[in-house]
Amino acid sequence: MAFVEFHGVTKYYEMGGQKIAAADGVDFSVEQGEFAVIVGPSGAGKTTVLNILGGIDTCSGGKILLDGREVSAYTPKQLTEYRRYDVGFVFQFYNLVQNLTALENVELASVLCRVPMDA
Ligand SMILES: Nc1ncnc2c1ncn2[C@@H]1O[C@H](COP(=O)(O)OP(=O)(O)O)[C@@H](O)[C@H]1O
Ligand SMILES: [Mg+2]
């Protein structure tokens with residue numbers, strides 16, 4: 001079993017009676033320690049896939065496993081803990097706290113961690 005597994009993951013949006021497939025049956029796996037890059041044209045679904053993997057969004061169907069745990073079946077509370085303890089995420093537009101320094105932004109995350117590294 002791989003560290004990250006996507007099995008037939010879908011994400012659909014309804015817009016004006018139209019069904020938009022942001023992800024339409026995504027399958028891939030990433031081994032522990034592997035460096036993976038997701039590439040594709042604008043609108044291909046990269047952000048959708050990463051948001052779902054990061055626990056920021058949920059999928060419409062399919063199955064996501066991380067270290068053998070089924071993230072796609074998590075409750076909102078489990079997803080909150082998953083985001084807090086299991087995932088790191090650098091956003092396209094950063095989403096940093098504006099009035100804090102770079103170091104303080106990192107320290108903020110270490111306040112939430114169980115075993116933080118020195119900021
Ligand atoms: N909230 C949304 N409502 C409707 N359609 C969306 C929404 N988010 C993304 N999409 C659509 O899903 C597709 C994939 O988007 P996205 O994951 O942002 O692609 P990428 O990051 O590869 O550019 C696009 O067609 C986009 O318009
Ligand atoms: Mg994107």
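Is Tyr94 buried or exposed? Tyr94 is exposed, because 9 other C-beta atoms lie within 10 Å. The scale behind that word runs as follows: a residue is buried with 20 or more other C-beta atoms within 10 Å of its own, exposed with 12 or fewer, and partly exposed in between, with C-beta atoms placed from the backbone.

This is a predicted model, in which local features need pLDDT of at least 70 and side-chain atom pairs count only at pLDDT 80 or more, while totals for chains, interfaces and linings use all residues. Residues are numbered from 1 along each chain as its sequence is written, and chains are lettered from A and ligands numbered from 1 in the order in which they are written.

## Overall layout

The protein chain holds three helices and four strands. These are DSSP runs, numbered from the N terminus: helices are H or I with at least four residues, strands are E with at least two. Along the sequence the pattern reads β-β-α-β-β-α-α. The C-alpha atoms fill a box of roughly 45 × 35 × 30 Å along the principal axes. The chain has 119 residues, and 12% of them count as buried. Take contacts between residues at least 6 apart in sequence: 47% of them join residues at least 24 apart. A contact means C-beta atoms, placed from the backbone, within 7 Å.

## The sheet

The four strands form an open sheet in the order S2-S1-S3-S4, with antiparallel pairing. Strands pair if DSSP finds at least two bridges between them. S2 and strand S4 (69–70) are the edge strands, each pairing on one side only. Ten bridges join S1 to S2. S1 and S3 (residues 61–66) share five bridges. S1 and S2 also form a hairpin, with two residues between them.

Individual partners help to place the register. Glu14 stands opposite Lys19 in S2. His7 has Lys63 in S3 as its bridge partner. Val4 is matched with Leu66, also in S3.

## Helix H1 and the core

Which residues of H1 are buried? They are Thr48, Val49, Ile52 and Leu53. They lie on the same side of H1, because they cover an arc of only 130 degrees around the axis. That arc is taken from the directions from the helix axis to the C-beta atoms. The cover over these residues includes S1, S2 and S3.

The largest nonpolar core has eleven residues: Phe6, Val9, Ala22, Ala23, Val26, Val49, Ile52, Leu53, Cys59, Ile64 and Val71. Such a core is a set of buried Ala, Val, Leu, Ile, Met, Phe, Trp, Tyr and Cys residues joined through C-beta atoms within 7 Å. S1, S2 and H1 each give two or more residues to this core. In soluble globular proteins, nonpolar side chains tend to be buried together.

Ile52 belongs to this core. Leaving aside neighbours within four places in sequence, Ile52 is in contact with Val9, Lys11, Asp57, Thr58, Cys59 and Ile64.

## Around ligand 1

Tyr13, Met15, Ile20, Ala22, Gly40, Ser42, Gly43, Ala44, Gly45, Lys46, Thr47 and Thr48 surround ligand 1. Each has its C-beta atom, placed from the backbone, within 6 Å of the ligand. Strand S1 (4–15), strand S2 (18–30) and helix H1 (46–53) each give two or more residues to the shell. H1 gives the most, with three. By type, the shell divides into five nonpolar residues, six polar and one charged. Here Ala, Val, Leu, Ile, Met, Phe, Trp, Tyr, Cys and Pro count as nonpolar, Asp, Glu, Lys and Arg as charged, and the others, Gly among them, as polar. Ala22 appears in the shell and also in the largest nonpolar core.

## Positive phi angles

Most residues other than glycine have a negative phi. The table gives residues with a positive phi.

| Residue | Place | Phi |
|---|---|---|
| Gly16 | turn of the S1 and S2 hairpin | about 55 degrees |
| Gly55 | just after H1 | about 75 degrees |
| Asp67 | loop between S3 and S4 | about 55 degrees |
| Tyr94 | loop between H2 (76–85) and H3 | about 70 degrees |

Asp67 is not a glycine, and neither is Tyr94. Asp67 is exposed, because 12 other C-beta atoms lie within 10 Å.

## Helix H3

Ala109 sits in helix H3 (residues 102–112). Ala109 is partly exposed, because 13 other C-beta atoms lie within 10 Å. Ala109 and Lys11 are 98 residues apart along the chain, and their C-alpha atoms are separated by 29 Å.

Note on methods: Contact = placed C-beta atoms within 7 Å.
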